[in-house]
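Subject: Structure handover and findings

Hello,

I am passing a structure on to you, together with my notes on it. Please read the notes with the structure open beside them.

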Amino acid sequence: ALERRSRQQAFIVLALLLAAASVAMVMSSRLQALVSDPILALSRTASEVSSRGDYSLRATLKTEDELGTLVDAFNRMLERIQLREEELSKANEELRKEIGERRRAEQERAELLVREREANRLKDEFLATLSHELRTPLNAILGWTKLLRSNAVPPAGQDRALEKVERNALVQARLVDDLLEVSRITTGKLRLEVRPFDLVALANTAIDSIKPTAEAR
C-alpha cells in the first residue's frame, strides 16, 4: 500500500510538473507575442531608418498598452525628424539658389566692368584720333594765315592760299559735323541724308590736309 501511494504521489507530482511546464510555455509564448515581437519590430524599423536614411518609415502599432505608447512616441519622433529634414533640405536648396544668383551677379558685374573698361579705352582712342584730325586742318589754316599776314605769299598765289584756308576750314567744319553725328548716333537721333558725293574732291581734301605735315617732314 505504501508503494502504491508513493507511485500515485509521483504520478501526481509529474502531472503537476508537466502542467506547470505547459503553463510556462504558454505564458512565455504569450509574453513574447505581447512584448518581444513589438520591440523587435520597433528595432527593425529603427535599423531600416538608420541604414536607408528614410524618415518616412513608421513602426506598426499593434497594441494600445505601454508598448503601443512607445511605438506611437517613436513614430512621432520620426515624423518630427522628417519635417526638420524637409525644412533643412528646403533651406539648403534656397541657399544653393542664392549662391548661384550671387555668382551670376558677380559674373555679370565682372563682364560689365570689362565692357566699361573697353568702352573707356575706345573713348580715349576716339578722342585722341579726333584731336589729331581737328588739329591737322587747323594747323594748315594757321600756317597759311601767318603766311598771308606776313606777306610771304606773292599776290598771284594769294587766291590759292585763301582757297586752301577755306578748304581746310570746310574740312574742320565737316569733322565737327561728324562729331555731332556720332553724338546723334549715341542718343538715337541720327538722320541719314542721301546725296551724290564727289570722291575726287574728297581725295584732294585728304591730300591737302596732310600735305603741310608731309612738306614739314
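What follows is a description of the helices, the cores, the salt bridges and a surface patch.

Please keep in mind throughout that this is a predicted model.

Helix α2 and the loop after it

Helix α2 covers residues 66–149, which is 84 residues. From its first C-alpha to its last the span is 121 Å, close to the 124 Å expected at 1.5 Å a residue. After α2 comes Asn151, a residue of the loop between α2 and α3. The phi of Asn151 is positive, near 60°, and the residue is not a glycine. For context, most residues other than glycine have a negative phi. Asn151 is exposed, because its relative accessible area is 65% and the cut-off for exposed is over 50%.

Arg58 and the loop before α2

Arg58 sits in the loop between α1 (2–52) and α2. With a relative accessibility of 33%, Arg58 counts as partly exposed. What does Arg58 contact, once its neighbours within four places in sequence are left aside? The contacts are Thr45, Asn75, Leu78, Glu79 and Gln82. Ile207 lies far from this site: the C-alpha atoms of Arg58 and Ile207 are 94 Å apart, and the two residues are 149 apart in sequence.

Nonpolar cores

The largest nonpolar core has seven residues: Leu42, Val49, Leu57, Ala59, Val71, Phe74 and Leu78. Both α1 and α2 supply at least two residues of this core, and the largest share, three residues, comes from α2. Val49, one of the core residues, is in contact with Asp54, Tyr55, Leu57 and Leu78, leaving aside neighbours within four places in sequence. Leu78 is therefore listed as a contact of Val49 and also as a contact of Arg58. There is a second, separate core of five residues, including Ile141, Trp144, Ala161 and Val165. As background, nonpolar side chains in soluble globular proteins tend to be buried together.

Salt bridges

How many salt bridges does a search of the whole structure find? The search finds seven. Those I looked at are described below.

- Glu3 and Arg7: the closest N and O atoms are 3.1 Å apart. The two residues are four apart in helix α1, and so are separated by about one helical turn. Glu3 counts as exposed at 57% relative accessibility, while Arg7 is partly exposed at 43%.
- Arg96 and Glu93: the closest N and O atoms are 2.5 Å apart. Both residues lie in helix α2, three residues apart, about one turn of the helix. Arg96 is exposed, with a relative accessible area of 51%, and Glu93 is partly exposed, with 35%.
- Asp208 and Arg167: the closest N and O atoms are 1.9 Å apart. Asp208 belongs to helix α4 (residues 199–216) and Arg167 to helix α3 (residues 155–187), so this pair ties together parts that are 41 residues apart in sequence. Asp208 counts as buried, at 15% relative accessibility, and Arg167 as partly exposed, at 26%.
- Glu118, Arg121 and Glu125: these residues are linked in a network of salt bridges.

On the spacing within a helix, an α-helix has 3.6 residues a turn, so residues three or four places apart point the same way.

Surface patch

Which residues form a nonpolar patch on the surface? They are Phe126, Leu127, Leu179 and Val182, and their accessible area together is about 300 Å². The elements that give two or more residues to the patch are α2 and α3. Phe126 is found in helix α2 and counts as partly exposed, at 35% relative accessibility.

In brief

Helices α3 and α4 are tied together by the pair of Arg167 and Asp208. Helices α1 and α2 both contribute to the largest core, and α2 and α3 both contribute to the nonpolar surface patch.

Regards

Key:
Residues numbered from 1 in each chain as written. Predicted model: local features only at pLDDT ≥ 70, side-chain atom pairs only at ≥ 80, totals over all residues. Heavy atoms only, no water. Expected span 1.5 Å × (residues − 1). Buried < 20%, exposed > 50% of the residue type's maximum accessible area, 1.4 Å probe, protein only. Contact = heavy atoms within 4.5 Å. Salt bridge = Lys/Arg side-chain N within 4 Å of Asp/Glu carboxyl O. Core = buried A, V, L, I, M, F, W, Y, C linked by side-chain atoms within 4.5 Å. Patch = residues over 30% accessible without salt bridge, like charges linked within 9 Å, V, L, I, M, F, W, Y side chains within 5 Å. Areas by Shrake-Rupley, 256 points an atom, 1.4 Å probe, with all protein chains shown as cover.
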